[in-house]
Amino acid sequence: MRFLILALVALGSGIVHAGDNIVGFDATASAAQRELEAQLDATVDAGEMDGWLKLMSATPHHVGSLASKENAEFIAELLSSWGYDTEIAEYEILLPVPKVREVELVAPTNYEASLTEDTLAEDPSTAVRETLLPPYNAFSRDGEVEAELVFVNYGIPEDYEILERYGIDVTGKIAIAKYGRSWRGIKPKLAGEKGAIGTIIYSDPADDGYGAGDVYPKGPFKNESGVQRGSVMDMPTYPGDVLTPGRGATKGARRLDREDAPTITEIPVLPMSYRDALPLLSALGGEVVPNEWRGGLPITYHLGPGPARVRMKAEFDWKMVTAYNVIARLEGSEFSQEWVIRGNHHDGWNHGAADPLSGLVAMLAEAKGVAELAKAGHRPLRTVIYAAWDAEEPGLIGSTEWAEHHADDLRKHAVAYLNTDGSSRGFLSMGGSHVLERYLNQIAEELDDPLSDITLKERSRANLLINGDAKRQAEAKDRKDLRIYPMGSGSDYTPFLQHLGIASANLGFGGEAADGSYHTLYDTYEHYMRFRDPGLVYGATLAKVTARATLRLANAPRLPFEFKGFADNVALYVSELEELAENMRSTTEKTNQLITDGIYAAALDPNKTFGPPVAKQPVPHFNFAPLKNALARLVQAASEFDTVAMSASASSEEINKLLYTSERLLTRDAGLDGREWYKHHIYAPGFYTGYGVKTIPGVREAIEQRDYDKVEPQIAIAADVLNAMADRVELLSARLNGEST
Ligand SMILES: [Zn+2]
């Protein structure tokens with residue numbers, strides 16, 4: 001009963017003030033920690049960050065280029081000069097570099113796509129091209145194909161359902177898809193599964209070109225020549241070097257034959273600009289596209305297939321190149337066997353000013369500040385490891401190989417992994433493991449937005465209250481902590497979180513600098529400083545945010561993990577799963593009935609080929625009870641832990657180990673169904689969405705993919721995982737009680 005009253009008082013107390021204890025610290029330790037943070041803030045110098053950004057973005061620097069190696073050496077020298085024990089960890093990885101890229105309209109007229117981006121007088125960086133990789137999609141297979149063209153909108157599953165209703169079969173055709181709405185690698189994967197023999201991906205001007213705003217150089221959006229590069233490796237199966245799944249790509253590592261690598265696409269794929277796409281799309285006949293499929297080009301969009309016929313050829317030099325990861329350690333003064341890992345990649349598709357260098361220079365500013373504190377006698381208690389990853393762009397390769405190579409040590413020693421990547425300006429975005437939700441919220445409560453006079457958290461909350469959907473608005477009003485978003489994939493946290501079960505977070509600013517420069521020639525210093533974060537004011541704030549994140553983990557007497565936020569988010573996911581199944585059940589039932597009754601047929605335009613949908617297997621009722629029972633236990637255990645943790649400040653190495661290894665319990669060795677590399681059972685990238693997260697993925701994807709027989713076995717697995725977590729949280733409460741009495 002006493003616990004219950006304490007819990008209610010805690011909930012009712014509302015806002016946490018800067019004077020409150022930091023999660024994991026008592027009053028004295030909190031004051032000392034805040035003093036250190038203030039000292040560190042004073043070392044963050046936006047001018048210095050600007051210099052690093054300008055230098056490292058002067059030349060295109062993809063993995064395997066001389067510029068990338070030079071940047072790695074520059075970063076290593078800086079870290080080493082500040083006192084870090086620094087090495088460059090090398091991995092030998094497969095990288096396809098384009099030899100032949102051709103797309104040609106061969107009928108009814110002829111047009112040869114340029115597949116090049118224009119140099120701009122207004123942006124001198126765009127003339128620096130010695131080490132520039134031309135626009136391509138890495139890990140497309142080699143191939144030359146010629147076929148009728150068919151427009152597949154964004155090339156996601158629901159688009160193919162619409163095409164089927166038009167009676168359009170993409171078998172033997174070349175699919176042209178817009179960028180967006182899914183991770184790009186899903187488009188050729190799905191097109192190939194549907195029988196297409198080639199894929200073209202282009203950026204429609206409605207999405208991030210003139211339909212969105214002024215184009216570069218006048219404004220930040222995509223001009224007519226801009227092409228988004230990017231990997232199409234099947235990362236939802238496994239990321240990293242395609243030849244060494246599950247093990248580090250060291251020199252002597254066992255490697256697959258390239259022909260056997262399952263993550264290279266089945267069909268060739270090339271990206272293009274809207275200037276190149278226009279003649280192709282103009283030549284399409286067939287039905288006019290549904291309204292929602294229209295883009296921003298000045299044509300009537302047709303579905304095809306044909307009469308447009310396209311020949312495309314993609315051929316690559318499949319090179320072994322060296323990836324250079326910079327790894328810098330600062331040995332902890334007390335708990336050197338507990339590691340806090342902090343990373344950002346350094347390779348870019350081009351000049352990479354935004355992606356990744358804007359995040360990298362913030363990490364360097366942070367690392368410099370942490371080193372200065374250490375020199376002044378305030379070395380972190382735990383070991384801090386800064387990592388600047390190579391080869392993120394082709395498929396999270398540098399981080400994945402390092403994580404796989406050191407998997408055993410990382411499972412033992414890693415407390416958490418903190419990631420940043422490209423950042424701009426606007427609202428602080430916080431994603432990650434929900435055991436870190438309170439700790440991240442507290443940081444956002446203690447720092448002000450650099451341009452307005454309110455905290456980062458209150459600014460984000462205000463944004464949600466105005467712009468969130470109804471559910472988010474209600475929550476933003478009543479929920480003390482802002483939900484951190486669950487992570488799918490798209491940056492280097494994936495191997496740590498989803499393969500090794502290390503609690504992870506991803507931090508950055510965004511939301512007020514939409515643009516079209518991503519992975520194009522135009523992601524330059526000039527573009528970044530004009531449109532993304534002039535003066536690097538948000539970049540400097542990011543360094544202060546992440547410095548707190550790193551140092552609080554490194555110095556907390558008791559690690560700042562908590563479970564109430566975790567349990568509350570899992571409760572949300574479980575209710576979403578029930579809703580998903582229920583909605584699918586009623587929609588399927590309704591649609592099937594309309595088909596059976598001939599209503600669809602009666603309502604359709606007899607002059608059009610658009611037909612009724614195909615009836616689907618009815619959705620059964622699933623038994624969610626095992627999952628809900630496990631959740632109830634977890635909610636109870638988390639609430640008790642919260643109460644105990646508040647009154648007991650005690651800690652020990654054993655307690656900390658029980659805390660930081662709790663995330664491991666959310667993983668299973670066997671991995672997810674059909675993709676064993678992904679071991680986390682709460683967060684995964686979607687098999688058919690790519691970067692987009694699927695929470696409780698085993699259950700969710702079985703429902704979404706209508707794989708009904710798998711749903712209840714997956715519910716049992718997810719329940720096991722939550723029960724293991726509940727056991728751990730109960731054990732932690734018992735240990736804390738023991739220590740405090
Ligand atoms: Zn990036």
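## Leu-381 and its surroundings

Leu-381 touches Gly-332, Ser-333, Glu-334, Phe-335, Ser-336, Ala-554 and Asn-555, leaving aside residues up to four places away in sequence. The model in which these contacts occur is a predicted one. Leu-381 sits in the loop between helix 9 and strand 11. With a relative accessible area of 22%, Leu-381 is partly exposed, because the buried class is reserved for values under 20%.

A separation along the chain can also be set beside one in space for this residue. Leu-381 and Asp-469 are 88 residues apart along the chain, and 42 Å separates their C-alpha atoms.

## Strand 11 and its partners

The loop that holds Leu-381 lies between helix 9 and strand 11. Strand 11 comprises residues 382–389 and is mostly covered, with eight of its eight residues buried. Strand 10, helix 9 and strand 11 together form a β-α-β unit, and this unit is right-handed.

Strand 11 pairs with strand 10 in a parallel manner, through eight bridges. Strand 11 also pairs with strand 9 (residues 309–330), in this case antiparallel and through five bridges. Ala-387 of strand 11 appears in both pairings: Gly-343 has Ala-387 as its bridge partner, and Ile-327 stands opposite Ala-387. In general, the side chains of a regular strand alternate between the two faces of the sheet.

## The zinc site

Which residues coordinate the zinc ion? The donors are His-345 through NE2, Asp-355 through OD, and Asp-421, which is listed with OD twice; the distances run from 2.0 to 2.5 Å. Along the sequence, the donor residues follow the spacing H-x9-D-x65-D. His-345 belongs to strand 10 (residues 335–345) and Asp-355 to helix 9 (residues 353–375), so this pair ties together parts that are 10 residues apart in sequence. Strand 10 and helix 9 are also two of the elements of the right-handed β-α-β unit.

Why is the arrangement of donors classed as irregular? The four donor atoms subtend angles of 54 to 141° around the zinc ion, which makes the arrangement irregular. A tetrahedral assignment would require all angles to lie between 85 and 135 degrees. For reference, the ideal angle for four tetrahedral donors is 109.5 degrees.

Are His-345 and Asp-355 buried or exposed? His-345 is buried, at a relative accessible area of 0%. Asp-355 has 12% relative accessibility and likewise counts as buried, because the limit for that class is under 20%.

## Helix 22

Helix 22 spans residues 697–704 and is mostly covered, seven of its eight residues being buried. The buried residues are Pro-697, Gly-698, Val-699, Arg-700, Glu-701, Ala-702 and Ile-703. Arg-700 and Glu-701 are thus among the buried residues of this helix. Arg-706 follows helix 22 and has a positive phi, near 55°.

## The protein as a whole

The protein contains 23 helices and 16 strands. Its radius of gyration is 26 Å, close to the 27 Å that the globule rule gives for 741 residues, so the protein is as compact as a globular protein of that length. Taken along the principal axes, the box filled by the C-alpha atoms is roughly 80 × 65 × 55 Å.

Of the 741 residues in the protein, 60% are buried. When contacts between residues at least 6 apart in sequence are considered, 80% join residues at least 24 apart.

Terms used: Residues numbered from 1 in each chain as written. Predicted model: local features only at pLDDT ≥ 70, side-chain atom pairs only at ≥ 80, totals over all residues. Heavy atoms only, no water. Donors = N, O, S within 2.8 Å, 3.2 Å for Na, K, Ca; no water. Tetrahedral: all angles 85-135°; square planar, octahedral: opposite > 155°, others 65-115°. Helix = DSSP H or I, 4+ residues; strand = E, 2+ residues; numbered from the N terminus. Buried < 20%, exposed > 50% of the residue type's maximum accessible area, 1.4 Å probe, protein only. Pairing = 2+ DSSP bridges. Right-handed = clockwise from strand over helix to strand, strands pointing away. Rg over C-alpha atoms; globule rule 2.2 N^0.38 Å. Contact = heavy atoms within 4.5 Å.
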